Each structure stands twice: as structure tokens, then as C-alpha cells.
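Let us take a walk through this model together, one region at a time. Keep the structure open beside the text and turn it as we go.

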Amino acid sequence: MGEAKYKEPFVDAEPRFIHTQHADRYQREFNLLTRFGLQSNVIRVASYTNLNEKAVLSKALLYPALRKVVQKYPELGMTYFSGPSEKKKSQQRCFLGVLPHINLDDHVEFLEIPSEEEKSGLTATIERYHGFWFDPSKKPLWRLVIVNGRHAMLVFDHFITDGRGSTFILDALLQALNSPTEDHVNSSIVEMTIEVKGYPEVDPVKIYGSGPSVLFAIASYICFWCIQFFYRGTNVFFYDARYQERHLVLSDPKKGDNLVTTKVHTLRLEADTMEKCLRACRKHQTSFTSLLHTLIKVSLAADFYPKAKFSHSETVVDVRPYLLKQERENTMSTAVSMISSFDWLSQFRQAGQSSDSMGQIPIDADALWELARKHKAHVVNDLHHKKSWMKAWLSIDLIGNDDEDYVSQLLPGLKVVQKSAFSVSNLGAFDAQSGPGPWTISNMEFSAGAIKAGYGPNLTFNVSGVRDAATVIHVSNEEGSLSSDFVASLLQRIEKRLLAVI
């Protein structure tokens, strides 16, 4: 509790802020990923629809609503900076600061794209904005791009929040649009305030209720090291991924020469397909997340890596329901962990025998549903009983407080833990019935910028949708690490097998 409200000893050296505090544990990680050019940003898209089909998100309509949102979430006035370590001379630590005001003109962009491109989806636009890098020395780390007056694309540095937190922001914007007030402020300048209930938040790692386990951290590292030693080459997925080794030096990050470029591929499942899919999942006692996870592994094992024997994959989980209750209604700090799955691949290969033809993709439906059921059981058991997700999430508290500690301890660990893996992150279906009013959200999308190959999953599947509407799956990877044809073909095979079993 004390850390979040700590008054910095050098606050007078940063008079431009109305509030400063230590960055939390995971903010320090994302700070370094950005500083070294290892990950650019995260993107959340909401398509706003009005009962009046001619209504669009104009500047006159948007700014008063956005003003309310910014004042509700001080994170939108936040940036980060480095200060001296309190424990080790010549080292530095990451801090965050909230600016006294922001200019919406610096953060809002109105973009027009061809109608043909809009109809085919926003993939190209999302991919292009994953190439946008924020400069923390100038202004807060977010941008709202209004595409064709309908789609609000929130581009933000992971330092600010995570996918769930960005959902809170876009939902707050929907509520503000549906409850307009007379705004007599004829200015794009928004005065920031930290007088928000529950702000500043306590580092989520500090409010779980228990501390990290040194034994678990050591055992996990040994486990992953052994996996790398015994299973390599054609024994694992993505052995053919291309990546460049980097020597990371905090004093000379060489960011500009090594910016990761994100490649995005998309699979859109329309409402009727999702309805059938969810019905089939309930029948087979599993979830859509587990079905997708299984389809990915089946397709990789059967069609692309026929000699692979072993696989490590990750399911992203939101830990907010497991945190101690706080004053703030919505936790904005990044609060996600991973549940790892370690699988022998022979059973997945048998569920979808290899086929070079894109015609009839072979599939053993019963076997696939059983694997999906087992995956859900594994996730549920870990969430409520085994709790490896919690131990892994808390392990970051074993790292020192300074940036140098994260460079020497965390980043090398990522190279061991994340190698040859894919991850699935499902934000679920947004409930468009957020309240009365003419505006609603008809489409939701989510895409996390790729992490530099070698430091994160080779493929990241980001899933989001709207209840009773379409679900969109964006798959990101570092451009050049895997061939574009490979990812496109993988998605085609996943879709064909999905349609075959539902």
C-alpha cells in the first residue's frame, strides 16, 4: 500500500507532473520492451453505431464525451520517466507521472480509408498503427484514431493498461456518448485530476494476498531449460522461425535500429458461426478459448510440423477476479497471467491427420473435442486449485526494483520461457447493452503488437467480439520471423476444421 502512495524524493526535479509514483512491476517490464524496440503497442477497436445511421463520431460529438473519459481515468494523462535508484548508486528506476493537462488534438486522429478496405476489415489499418511508437518524453502514451467516423481505434502503450483496461475506456466512451451534457468548454485542453476514487492503484502484485515462491521460480526455470535442451530442432513448433540475437544494454538500447515490425492476419467468425460454435462448446463441456487453442495445436502438429513431439503453449487469463477488493471500480493496471500447457503432440496429430490439400481437411471430431475438453479442465484446475498462474505472475516480485535488474534478470528469462510457444488471449464478448441511448458498440477487436521473436510467443492469437455479433481473431507475429503464407494457411486450416466440427 505504501509503494503506490510513495512521494518521490526528487519530485521537485519533475515539476511538470501533478502526481508521481513508482511504476508497478509489470509497467517496468513494458517500459523496457518499448525502450529496446521489442514491442510497440496494443490496439483495441470499437465500432460505434447510432440509431440514426447518418450519425458519425465527429469532433464536436467526440471531444465532450472523451473529456469525461480522460478525467475518469488519470492513466490517460500518464507517461513514464527514469529516476535514480534508491538502493544502488549509478542505477535507475522507472517512475510514472500524471501531467496537469493534455491536448486532445495531440491524441485524436480522424482517418478516412476506402470503403472497400473498410468492408474487408481493419486489418491493414491495425497493422499500420502497430508501427506507431510513443515518445514518453513528450506526451501520454495513447492515440484514438477515428476511422471513417465509425470505428474508434485505441492505440496505447502496454504501460498504461492491458486489453481489459482498454475495454473499460471504450465502454466509458460509449456511456459518455449516450449521456451528453452541455459542455461549454470550447477547447481541446483537458485538465487532469487524480481525485478519482481508488486512484492511485496499488501494484496488483502487492494486493493478491500472498507473496512469490522462490522454489517455484527455480523449478520453472529448470523445467523450461530442460525442455529447450531435450526438445529442439524439428521436435518443437517454430524451430524454423527466424530471429536476430541482440545484446541488450540499457545505456545504449539501439531502439531505432531494431524496432520490431508487427504482421497481422485475421479470421472473422460471423454471428451465426459463433452461435453454432458456442452451442457445440457447451455440448462438449468446453469453451471457445479451449477449442481455438486445440485447433491451433492440431493444425500445427498435423499440417506444418509433422515431426514435432512436444509443445508448450499459453492461455492468457485475467487475474482481476482474484485480487483483494480495492476502492476503484475497475482495475486499470495490467493484471494478466499465463497458464501453460505442455503436451505430447501425437494425440493432436491423430486428431487432424496431415493433408496437403485445402479441400477436405481430415479431422477426428471426437478426438478433437476430447482434447478441447481436457484443455478447459486443465485451465479451470489451474485457476482454482493448482494456481501455477498465480505463482508465475507473482514471481516478478523476486526481481530487483531497478531497470538494470529487469534487463539482467527478466529479459533473459523471457527468452527461456517463451521460446517455441504460441499464446491465446480471449477478451470475450462485449455486452453491447451498456445502457439506454442511441449509441451502441456493434464490433470489437483486439490486437497486441508482436514481441520481438525470441522474447515472446512466436504467434499471438488475440480474440474479441460482441455478444450476438461477430468474433474477430487477430494473429500477430514479428514480420519476417515466419512467412506470411505460413500464418495465412494456418488460419485457413483452423477455420476449416472449426466449421467441420460444429
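P200 sits in the loop that connects β9 (189–191) with α6. The model is a predicted one, and in it the peptide bond leading from Y199 into P200 is cis, with omega near 5 degrees. To put that in context, most peptide bonds are trans, and most residues other than glycine have a negative phi.

The second half of that remark brings us to a few backbone spots worth a visit. Follow the chain to the loop between α6 and β10 (262–269), where you will find K254. Phi of K254 is near 50 degrees, a positive value in a residue that is not glycine. Is K254 buried or exposed? The answer falls in the middle: K254 has a relative accessibility of 44%, so it counts as partly exposed. Another example is D468, which lies in the loop between β15 (459–466) and β16 (471–478). D468 is not a glycine either, yet its phi is positive, at about 65 degrees. D468 counts as exposed because its relative accessible area is 75%, and the cut-off for that class is over 50%.

A positive phi also turns up in a hairpin. Strands β7 and β8 are linked by three residues, and in this hairpin N148 has a positive phi near 55 degrees. The two strands of the hairpin, β7 and β8 (residues 151–156), run antiparallel and are joined by six bridges. One of the pairs to look for is L144, whose bridge partner in β8 is L154.

Now stay with β7 and look to its other neighbour. Strand β6 (residues 108–111) pairs with β7 in the parallel sense, over four bridges. Here E109 has V145 as its bridge partner in β7, and F110 is matched with I146. How enclosed is β7 by the rest of the structure? Six of the six residues of β7 (residues 142–147) are buried, so the strand is largely enclosed. Its side chains split by direction: W142, L144 and I146 point one way, while R143, V145 and V147 point the other way, and all are buried.

Zooming out, these strands belong to an open sheet of five, ordered β6-β7-β8-β2-β14, with mixed pairing. The edges are taken by β6 and β14 (439–448); each has a single partner strand, so one side of each is left without a neighbour in the sheet. From one strand to the next, the twist averages 20 degrees. Helix α5 (residues 163–177) lies across β2 (42–50), β7, β8 and β14, and runs at about 25 degrees to β2.

There is another sheet to compare by eye. It is open, has three strands in the order β1-β4-β3, and its pairing is antiparallel. Its edge strands are β1 (19–22) and β3 (78–84), each of which pairs on one side only. Neighbouring strands here are turned by 35 degrees against each other on average, direction ignored. Between β3 and β4 (residues 92–98), which run antiparallel, there are seven bridges, and one to find is that of P84 with Q92 in β4. Helix α1 (residues 25–35) lies across β3 and β4, at about 100 degrees to β4.

Next, turn to a buried residue in a helix. L368 belongs to α10 (residues 365–386), and it counts as buried because its relative accessible area is 0%. Which residues surround it in contact, leaving aside neighbours within four places in sequence? They are L291, T294, L295, V298, A351, I363 and V501.

Our last stop is an open space. Rolling a probe the size of a water molecule over the atoms shows where empty space is left. The second largest pocket holds about 360 Å³ of space. It is lined by 23 residues, and the closest to its centre are Q228, Y231, V236, K419 and S420. Helices α6 (214–230) and α12 (403–417) and strand β11 (310–318) each supply at least two residues of this lining. By type, the lining residues divide into 11 nonpolar, eight polar and four charged.

Technical notes: Residues numbered from 1 in each chain as written. Predicted model: local features only at pLDDT ≥ 70, side-chain atom pairs only at ≥ 80, totals over all residues. Heavy atoms only, no water. Pairing = 2+ DSSP bridges. Axes fitted to C-alpha atoms, helices over the stretch in contact; angles between N-to-C directions. Contact = heavy atoms within 4.5 Å. Buried < 20%, exposed > 50% of the residue type's maximum accessible area, 1.4 Å probe, protein only. 1 Å grid on protein atoms, 1.4 Å probe; cavity = no way out; pocket = protein on both sides within 12 Å on 5 of 7 lines; lining within 4 Å. Points joined across faces, edges and corners; volume = space filled by probe spheres on them. Nonpolar A, V, L, I, M, F, W, Y, C, P; charged D, E, K, R; others polar.
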